Amino acid sequence: MVCLGNICRSPLAEGIMQQKIREAEFDWEVDSAGTGHWHAGQLPDRRSIVTAGQHGIDITKQRARHFQADDFERFDKIFVMDTHNLRDVLRQARNEAHRAKVELILDHIHPGQERGVPDPYYDDDGFEEVFQMLERACEAFVLGHKHRPLP
Ligand code: 4NP
């Protein structure tokens, strides 16, 4: 799960996807990172922590980290939150296999529309809406694999 700062959107996405995976009894690893390095080492934004907590998800064990090219080798899928993240991540891809792993997360509920998860950093009211769209997208992805687990 990749966004810009790795403190607002992708920590929520990580926590939500982990919950969906647990519910589906899959054995997948989920992590998140930011294309920017400024917040590395920090806790998620307090507003993301509160919003996740209101839905029974604890994201306080997470610490922000910077996305690195090595992540293309470590992970089977790389979900980005918006088209800026998409561009920044694809710029670090070294081959077609890397590029094929990268996807806008909202493509799972709005295929082909290139929709981005809005950045809620400057908008106190945006966190619940972000949570809702991420939950629908993560659920769609996990349900889509119920009978077709990743390798
Ligand atoms: P995120 O939100 O990419 O969802 O973690 C942001 C967090 C921090 C900044 C921008 C977006 N920032 O400019 O510091």
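Thr60 lies in the loop between α2 and α3 (71-74). This is a predicted model. The briefing starts at Thr60, moves to the ligand site, and then takes up four further residues. The ligand occupies the second largest pocket.

**Thr60 and its loop**

- Thr60 has a relative accessible area of 32%. That value falls between the 20% limit for buried and the 50% limit for exposed, so Thr60 is partly exposed.
- The side chains of Thr60 and Asp58 are joined by a polar contact of 2.6 Å.
- Beyond four places in sequence, Thr60 touches Leu43 and Ile49.
- Arg46 and Thr60 are separated by 14 residues in sequence. Their C-alpha atoms are 9.3 Å apart in space.

**The ligand site**

- Cys3, Leu4, Gly5, Asn6, Ile7, Cys8 and Arg9 are among the residues around the ligand. His39, Asp119, Tyr121 and Tyr122 complete the set.
- A polar backbone atom of Gly5 is 2.8 Å from an oxygen atom of the ligand.
- The backbone of Ile7 also supplies a polar atom, 3.0 Å from an oxygen atom of the ligand.
- With Asp119, the polar atom belongs to the side chain. The distance to an oxygen atom of the ligand is 3.3 Å.
- On its own, the ligand has 350 Å² of accessible area, and the protein covers 89% of it.

**Positive phi outside glycine**

- Asn6 is not a glycine, yet its phi is positive, at about 60 degrees.
- Asn6 sits in the loop between β1 (2-3) and α1 (9-24). Asn6 is also one of the residues around the ligand.
- Relative accessibility of Asn6 is 2%, under the 20% limit, so Asn6 counts as buried.
- Glu114, another residue other than glycine, has a positive phi near 55 degrees.
- The loop between β4 (102-104) and α6 (126-144) holds Glu114.
- Is Glu114 buried or exposed? Glu114 counts as exposed, because its relative accessibility of 57% is over the 50% limit.

**Thr35 and its contacts**

- Thr35 belongs to the loop between β2 (33-34) and α2 (46-54).
- Thr35 is buried, because its relative accessible area of 15% is under 20%.
- Which residues does Thr35 contact, leaving aside neighbours within four places in sequence? Val2, Cys3 and Leu4 are among them. The others are His66, Phe67, Asn85, Asp88 and Val89.
- Cys3 and Leu4 appear in that list of contacts, and Cys3 and Leu4 are also found around the ligand.

**Val142 in helix α6**

- Val142 is placed in helix α6.
- At a relative accessible area of 3%, Val142 is under the 20% limit and therefore buried.
- Not counting residues up to four places away in sequence, Val142 touches Met17, Lys20, Ile21, Ala24, Phe26 and Trp28.
- How far apart in space are Val142 and Leu4, C-alpha to C-alpha? The distance is 24 Å, with their positions 138 residues apart in sequence.
- Leu4, the partner in that C-alpha distance, is one of the residues around the ligand.

Key:
Residues are numbered from 1 along each chain as its sequence is written. This is a predicted model: local features need pLDDT of at least 70, side-chain atom pairs count only at pLDDT 80 or more; totals for chains, interfaces and linings use all residues. Side-chain values use heavy atoms; hydrogens and water are left out. Helices (H or I, at least four residues) and strands (E, at least two) are DSSP runs, numbered from the N terminus. Buried means under 20% relative accessible area, exposed over 50%, partly exposed in between (1.4 Å probe, protein chains only). Contact means heavy atoms within 4.5 Å. A residue is near a molecule or strand if one of its heavy atoms lies within 4 Å of it. A polar contact is a pair of N or O atoms within 3.5 Å; within protein, one must be able to donate a hydrogen and the other to accept it, and residues adjacent in sequence count only if both atoms are side-chain atoms. Accessible areas come from the Shrake-Rupley method with a 1.4 Å probe; for residues, only the protein chains shown count as cover. On a 1 Å grid over the protein atoms alone, a cavity is a set of points where a 1.4 Å probe fits but cannot get out, and a pocket is an open set with protein on both sides within 12 Å along at least five of seven lines; lining residues have an atom within 4 Å of a point. A molecule sits in a cavity or pocket if more than half of its atoms lie within 2 Å of its grid points.
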